[in-house]
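Hi,

Here is the structure I promised to pass on to you. Have a look at it first, and then read on for what turned up in it.

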Amino acid sequence: MNEVKPEQWKQFLTMDGVQFIYFYTPMCGTCQLASKMLEVVNETISSLQINKCNLNYFPAIAAEYEIESVPCLTIWEDSQIVEKIYAFKSVTYIYDIVNSYL
């Protein structure tokens with residue numbers, strides 16, 4: 001997964017197609033588990049690109065896009081959030097959701 005820096009955020013707003021952005025905080029234990037699950041999914045699907053954002057550096061983005069808690073996987077189509085996933089039930093669950101957008 002690629003870490004997005006605050007100065008890179010605007011480029012995501014101009015991208016076409018489907019984007020996956022994972023919001024987390026480093027001290028969150030559930031986020032650490034979710035990150036491992038996403039890494040498995042990311043390695044399983046060769047064409048998949050998941051980006052991650054440390055929400056500590058993106059408080060305005062969290063407010064603007066109503067990110068209510070972490071971990072949160074957001075799925076974007078043409079610069080708009082189409083789905084937010086807060087419950088990382090299993091690797092298979094996440095795989096199926098992500099794969100449905102590819």
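**Ser79 and its surroundings**

Once neighbours within four places in sequence are set aside, Ser79 touches Phe12, Leu13, Thr14 and Met15. Please keep in mind as you read that this is a predicted model.

Ser79 sits in a loop, the one that links strand E4 (72-77) to strand E5 (80-85). Is Ser79 buried or exposed there? The relative accessibility of Ser79 is 15%, and because buried means under 20%, Ser79 counts as buried. One of its partners also comes up in a polar pairing: a polar atom of the Ser79 side chain lies 3.3 Å from the backbone oxygen of Met15.

**Asn54**

The other residue I would point you to is Asn54, which belongs to strand E3 (residues 50-54). Asn54 counts as buried too, since its relative accessibility is 7% and the cut-off is under 20%. Which residues does Asn54 contact, apart from neighbours within four places in sequence? They are Glu3, Tyr24, Thr25 and Pro26. If you would like a distance to check in your viewer, try Asn54 and Glu64: these two are ten residues apart along the chain, and their C-alpha atoms are separated by 15 Å.

**The chain as a whole**

Stepping back, the protein chain contains four helices and five strands. Their order along the sequence is β-α-β-α-β-α-β-β-α.

As for overall dimensions, the C-alpha atoms fill a box of roughly 30 × 30 × 20 Å along the principal axes. The radius of gyration is 13 Å, which agrees with a compact globule, because a globule of 102 residues would have a value near 13 Å.

Contacts within the chain often join distant parts of the sequence: among contacts with a separation of 6 or more, 66% are between residues 24 or more positions apart. Of the 102 residues, 42% count as buried.

Turning to the surface, the accessible area of the protein chain comes to about 5700 Å², and carbon and sulfur atoms account for 49% of that. On the charge side, there are 6 positive and 12 negative side chains. The centres of these two sets lie 8 Å apart.

Happy to go through any of this with you over a coffee.

Best wishes

Notes: Residues are numbered from 1 along each chain as its sequence is written. This is a predicted model: local features need pLDDT of at least 70, side-chain atom pairs count only at pLDDT 80 or more; totals for chains, interfaces and linings use all residues. Side-chain values use heavy atoms; hydrogens and water are left out. Helices (H or I, at least four residues) and strands (E, at least two) are DSSP runs, numbered from the N terminus. The radius of gyration is taken over C-alpha atoms; the globule rule is 2.2 Å times the number of residues to the power 0.38. Buried means under 20% relative accessible area, exposed over 50%, partly exposed in between (1.4 Å probe, protein chains only). Contact means heavy atoms within 4.5 Å. Accessible areas come from the Shrake-Rupley method with a 1.4 Å probe; for residues, only the protein chains shown count as cover. Lys and Arg count as positive and Asp and Glu as negative; His and the chain ends are not counted. The place of a charge is taken as NZ of Lys, CZ of Arg, CG of Asp or CD of Glu. A polar contact is a pair of N or O atoms within 3.5 Å; within protein, one must be able to donate a hydrogen and the other to accept it, and residues adjacent in sequence count only if both atoms are side-chain atoms.
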